[in-house]
Amino acid sequence: MPRTPKPRVWSPGALQGVLQRDVVDMLVLTLLSRRAMYGHEIIQYLAALTDEVVVYDKLNTPLQRLKRQGFVTVTETPEKGMRARVYFEATDLGRKHLQEMTEEYRAFVRAVNQVIDESEL
């Protein structure tokens, strides 16, 4: 006999978890399309620019995914007496993907806001 799935219970912060992966990729690409940055710098900017709504302690997975897709390049810069600093920067393909992603995201947000903000049917 097939099991009946349990109804999904909405809890505070649930939406953030659902949207986080793709939105974080978009935000990281946005920053990297402006200039090359290293991982910790990206984390600091994301936290500061989003009033700490988007807080990510590690970006290895998103950065490696973006690299694998050809959306970012990686450059290692030696630091005197320290480990080489790894900089990431958006490629032309990454900038094009970001533009498409941003347009789709904005259209989606507009549509959701129309439904939420509609006072009467």
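## A walk from salt bridges to sheet and core

Let's start in helix 4, where Glu100 forms a salt bridge with Lys96, with their closest N and O atoms 2.8 Å apart. A salt bridge here is a side-chain nitrogen of Lys or Arg within 4 Å of a carboxyl oxygen of Asp or Glu. This is a predicted model, in which local features need pLDDT of at least 70 and side-chain atom pairs count only at pLDDT 80 or more, while totals for chains, interfaces and linings use all residues. Residues are numbered from 1 along each chain as its sequence is written, and side-chain values use heavy atoms, with hydrogens and water left out.

Glu100 and Lys96 both sit in helix 4, 4 residues apart, about one turn of the helix. Helices (H or I, at least four residues) and strands (E, at least two) are DSSP runs, numbered from the N terminus. Glu100 is partly exposed at 42% relative accessible area, and Lys96 is partly exposed at 49%. For these labels, buried means under 20% relative accessible area, exposed means over 50%, and partly exposed lies in between (1.4 Å probe, protein chains only).

Helix 4 also holds Asp92 and Arg95, 3 residues apart, again about one turn of the helix. They form a salt bridge with their closest N and O atoms 3.9 Å apart. Asp92 counts as exposed at 67% relative accessibility, whereas Arg95 is partly exposed at 32%. Side chains of opposite charge can pair when their charged atoms come close. A search of the whole structure finds 4 salt bridges; one of them joins Arg35 to Glu41, with the closest N and O atoms 2.7 Å apart. In that pair, Arg35 is partly exposed at 35%, but Glu41 counts as buried at 11%.

Helix 4 has a nonpolar side to show as well. Phe108 lies in helix 4 and, with Val112 and Ile116, makes a nonpolar surface patch of about 300 Å². Phe108 itself is exposed, with a relative accessible area of 53%. Such patches are made of residues with over 30% relative accessible area and no salt bridge; like charges are joined within 9 Å, and nonpolar side chains (Val, Leu, Ile, Met, Phe, Trp, Tyr) within 5 Å. The areas come from the Shrake-Rupley method with a 1.4 Å probe, and for residues only the protein chains shown count as cover.

Now for the interior. The largest nonpolar core has 20 residues, and those with the most contacts inside it are Val28, Leu29, Leu32, Ile42, Leu59 and Leu63. Helix 1 (14–34), helix 2 (39–49), helix 3 (60–68), strand 3 and helix 4 (92–117) each give two or more residues to this core, and the largest share, 6 residues, comes from helix 1. A nonpolar core is a set of buried Ala, Val, Leu, Ile, Met, Phe, Trp, Tyr and Cys residues joined through side-chain atoms within 4.5 Å. Leaving aside neighbours within four places in sequence, Leu59 is in contact (heavy atoms within 4.5 Å) with Val24, Val28, Gly39, Ile42, Ile43 and Leu46.

Strand 3 leads us to the sheet, an open one of 3 strands in the order 1-3-2 with antiparallel pairing. Its edge strands, strand 1 (37–38) and strand 2 (72–79), each pair on one side only. Two strands pair if DSSP finds at least two bridges between them. Strand 1 joins strand 3 (residues 82–90) over 2 bridges, and Tyr38 has Tyr87 as its bridge partner. Strand 2 and strand 3 pair over 7 bridges, with Val74 opposite Phe88. These two strands form a hairpin with 2 residues between them, where Gly81 in the turn has a positive phi of about 70°.
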